[in-house]
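Work through the exercises below with the model open. Try each task before reading its solution.

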Amino acid sequence: MALPLHATTGERVWHYTFLTICVLIFAFLIIPILVILPLSFNAQPYFSFTPEMLSFDPEGYSTRWYEAFFNDSNWQKAVKNSLIIAVFSTIISVSLGTLAALGLSQKEFPFKTTIMGILISPMVVPLIISAAGMFFFYARVNLLGTHIGVILAHAALATPFVVIVVTATLTGFDHSLTRAAANLGSSPSNTFFKITVPLITPGVISGALFAFITSFDEVVVVLFLGSVHQRTIPWAMFSGIREEISPTILAVATLLITFSIILLFTVELLRRRGERLRGITPH
Amino acid sequence: MASNTEALKTADGISLKVSLQRSLRRKKRNALLLVAPLFLFILVTFLFPIFDMLIRGVDNKITQEILPTTVVALAKWDPASGQLPDEDIFKAFTVDGQVAAKAKTISRLGKRLNYEKSGFSSLFRKTGRQLKKFDPEKMTTSYKENLISIDKKWGKVETGSLIHRESGRYTKSYYLTAFDLTQNSEGNIEWKDADSSIYIDLFKRTLWLSCLITFLTILFGYPIAYLLATLKAKTSNLLMILVLLPFWTSLLVRTSAWIALLQKEGVINDTLVAIGIIGDESRLSMIHNSTGTLIAMTHILLPFMILPLFSVMKTINPSYVRAARSMGATGFTAFRRVYFPNTIAGIGAGGILVFILSIGFYITPALVGGVDGTMISNFIAYHISTSLNWGLAAALGAILLSLVLVLYILYDKLVGIDNMKLG
Amino acid sequence: MKTFIKCTLATAVLAASVTTAQAETEMVIVSWGGAYTKSQNEAYHKPYMKEHPSIKIINDDSASEGAAKLRAQAEAGKVTWDVVDVVPDAAIALCDEGLVMEIDHDKMLAAAPDGTLPSVDFGDAIISPCFIPQIVYSTTIGFRTDKVGATAPSTMSDVFDMKKYPGKRALQKSPAGNLEWALIADGVATADVYKELATEAGVARAFKKLDTIKKDVVWWTKGAQPGQLLADGEVVMASAYNGRLFAAIEENKQPVGMMWDAQVFELDGWVIPTDAPNKAEALKYVKFATDTQRLADQSKYISYGPARKSSAALVGKHATLGIDMGPHMPTAPANAKNVLFKDVNFWADNNDELAEKFEAWLAKG
């Protein structure tokens, strides 16, 4: 991307214009997320900067919205629900998804595209349609308004991510390694645990994180399938935005951003580690 | 040569060919067994429920359930004759109606028929209330006259013909409504009048907004992907965080951020007023309309465009452009003739992905879209949870779903589903 | 991987222990959220839970979609609500459909302190055998005092006058109320509104009048939204429940004023779903929550009038602000000069038709 020494004036102008455009787009991407952080410390119940905040007067800032969040039993219950639902749906989707990915990565797999297409469909079908279908069906099997119902629904929505991520890990998988192990007299199960598992673990964990965040973030399905007993954080935020927008929502948002930063770095580290293990050098 | 291969045997004396086939079959079976649990899980918890819902788009058992004898009697009547149904049909209706009024189900049928013609809901409620008190012993007139005395609509052929039309086990009326069509009293299909036709416009608007969002994500995503693909790995990885952070941040967090930015007394308007670009009186309305939907959704979907574009651009060998330049092409020509054609696949992949995601969006338009920024999903949700017209919701859902499936197949042809990557 | 499994297992065990530890009965009460739910929390829920420690009341703020959601729950065969706060026309419709239970008011509710039977004490407020009256309130117009110029809007025609009062309005996303107001702004006398609205021409006239402000309207669905939209400066005028405006003006000190003209006067009360999971508990609760003292207590927190006559004398001052609540009630003579009494039977019968027309009208951008 560096500008060559022999660049013409026109090229120079274009180069800097291009960089400016890129900076503006990056700003568009990131400012909405950054702007939340200071606003969540607003001492006033508004969604905008007060004059005190702009003059960096400590009076303009307070942690009252964080206190409101930590002292409100509704929010606490929402956090608990979100965690319970996300953890269980992650367990289900990771176990089913990883098994399926192992099967799909076999060269001999018949009807691969069709089956893969079906397994990934929950990611593509508009959420409102999934939610509506599940609403009627779960009502019939008496799972409406239960944790189990929401967990199963979220697991279904999350498995495509696990399948995709683990399959991707397995694409770079060198099958001669397992064959070599077999040649050297290792039993299939021993090969699986000694060779396959360590190699796919990073993929499985990042698949798990994808699954976790899918459930943790999901609001449409839980709005349809859940009763007030399954109120999750996104649900509480959704109704909060529609009713009374208090900066408590921004405080929650800030906490969630911190959480996603942690997730983001974990996934990135895992991805690089996985590539190293499989001998793919990053470009 | 051929006889030689046949002669090859494994240690336990089976021909190698058979043995290989057997092991291949075993491998196939094992692979299928590994996939089976997830396949069944998706089938039961996901595909079957959706299929089951789509059936509701044609299901019409309610009329037969609530008016069992009337439906049988009505089958003999020909609405095209222009004559009112016979006395025995009015009697059957009175009997059915009394049972339904006592079971408190009659207003449900009124609600159902009201989807076809406005006025049926109040007609059935009113009739139900009267029939509950009705005593055939004390009746002095005929059943027909009695019903007409409750509401003169019972004296009209159209009333009977609508019930006649919607007395079957299945109906096409929800799909007709979803296309802004209706059946007139002769049973001919015609367009609805302009005041009540909304869905075609709504589909058009949804597609238009999705196109616009896809275009904007390409416009904003392309330079960023290009920059990231051409920078040194270290810088590029660092800048990648700016793309991935929004990607990993909750949808609702980003939507609330846009509310804080876009509202009348929000950050953007405040800034514009403070630096004097606009007056305090002429603050921009950027929320509760399509502008809000457009901005917020472009932001939310931009990473889905950048990531596939980036992975395609990564694979383009920089020496191609250098070769073009060395042969005398200007920077622009080299880009246009050599680099850009190589990225079309990436644009296609990202474009379809963004388009698929945006035509099904619900949450963001519901929160920032107002009236003209709402999409088809919002109407499906409205019909499921507010108007309770589940048949229409199913019909609209089926249309949306088929749109998405066509795009999904296109995506598969273009990129291959098994090549889908995340992050 | 091992640590990951350990972590998830630990969480799973924790989660399981949490979900099984619910020995208490959780009763779901559906109401309108915001300042209103807060007033019910203070006046009814807290004292009730104190008396009955085994009961935990869970608030669900979806009353604005209450009738629809209850129908959906019943249709789906799984009712999760115990007590629902509804407006009378919804109560009549739900009662017709058998979705809420009929109440023997004299047997199931508390008599007044002087022994007056509930049926007499509530009187005309019992508009349906399923309805347990709670409060009277009005939907009226609130406006930003700093954005409407020197003369504040004072009549319904001002609300529809875009020249005199430019700027956005927030109105409820429902035909009820708006159609009536459109007719009044178009010159129909308050007393003749429902006669006019019963004709097709009248409905068309109302929509035609609404057309004149359509592009400047932000539609709200939840009772707390109009206050928020006014506070955020998103709109200059908003239709809102008078109690919410009271909260914005007196409690939150917003620059908001209230207009008392052609306000829609109506009741609000409880219904109990026929298939409520904790029906017996729900009945016990409504008996407590609608006794003379409790209804009067609620008016300490929000400016809604109690629906039983015996409570009126007990209405006093606001719990924290110490303001006399009497003059803020929709029943106060100064406020009730030109009142539109909502015709609940009209809306019970015609809501389906008009709601459909309204949605179609709305969708035609």
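**Exercise 1.** Check whether the length of helix α15 (residues 290-314) of chain B agrees with its residue count.

*Solution.* The model is predicted. Step one: helix α15 of chain B has 25 residues. Step two: the expected span is 1.5 Å times one less than the number of residues, so at 1.5 Å a residue α15 of chain B should span 36 Å. Step three: the end C-alpha atoms of the helix are 35 Å apart, which agrees with the expected span.

**Exercise 2.** Find where α15(B) bends, and decide whether the helix is mostly covered or not.

*Solution.* Step one: α15(B) has a kink of about 40° at B:Leu301. Step two: the proline B:Pro303 follows shortly after the kink. Step three: a residue counts as buried if 20 or more other C-beta atoms lie within 10 Å of its own. In α15(B), 20 of the 25 residues are buried, and the helix is mostly covered.

**Exercise 3.** Describe the contact between chain A and chain B.

*Solution.* Step one: chain A provides 82 residues and chain B provides 75 residues. Step two: several helices of chain A each supply at least two residues to the side that touches chain B, among them α4 (73-104) and α12 (248-277). The most comes from α1(A), with 14 residues. Step three: this side of chain A is made up of 65 nonpolar, twelve polar and five charged residues.

**Exercise 4.** Into which domains is chain A divided, and how do they touch?

*Solution.* Step one: the domains of chain A are domain 1 (41-71) and domain 2 (73-277). Step two: their centres, taken over C-alpha atoms, are separated by 36 Å. Step three: the contact takes seven residues from domain 1 of chain A and eight residues from domain 2 of chain A. On the domain 1 side, six residues are nonpolar, one is polar and none is charged.

Conventions. Residues are numbered from 1 along each chain as its sequence is written. Chains are lettered from A and ligands numbered from 1 in the order in which they are written. This is a predicted model: local features need pLDDT of at least 70, side-chain atom pairs count only at pLDDT 80 or more; totals for chains, interfaces and linings use all residues. Two residues are in contact if their C-beta atoms, placed from the backbone, lie within 7 Å. Helices (H or I, at least four residues) and strands (E, at least two) are DSSP runs, numbered from the N terminus. Ala, Val, Leu, Ile, Met, Phe, Trp, Tyr, Cys and Pro count as nonpolar, Asp, Glu, Lys and Arg as charged, and the others, Gly among them, as polar. Domain bounds come from an automatic or database domain assignment. The bend at a residue is the angle between axes fitted to the seven residues ending there and the seven starting there. A residue is buried if 20 or more other C-beta atoms lie within 10 Å of its own, exposed if 12 or fewer, and partly exposed in between; C-beta atoms are placed from the backbone.
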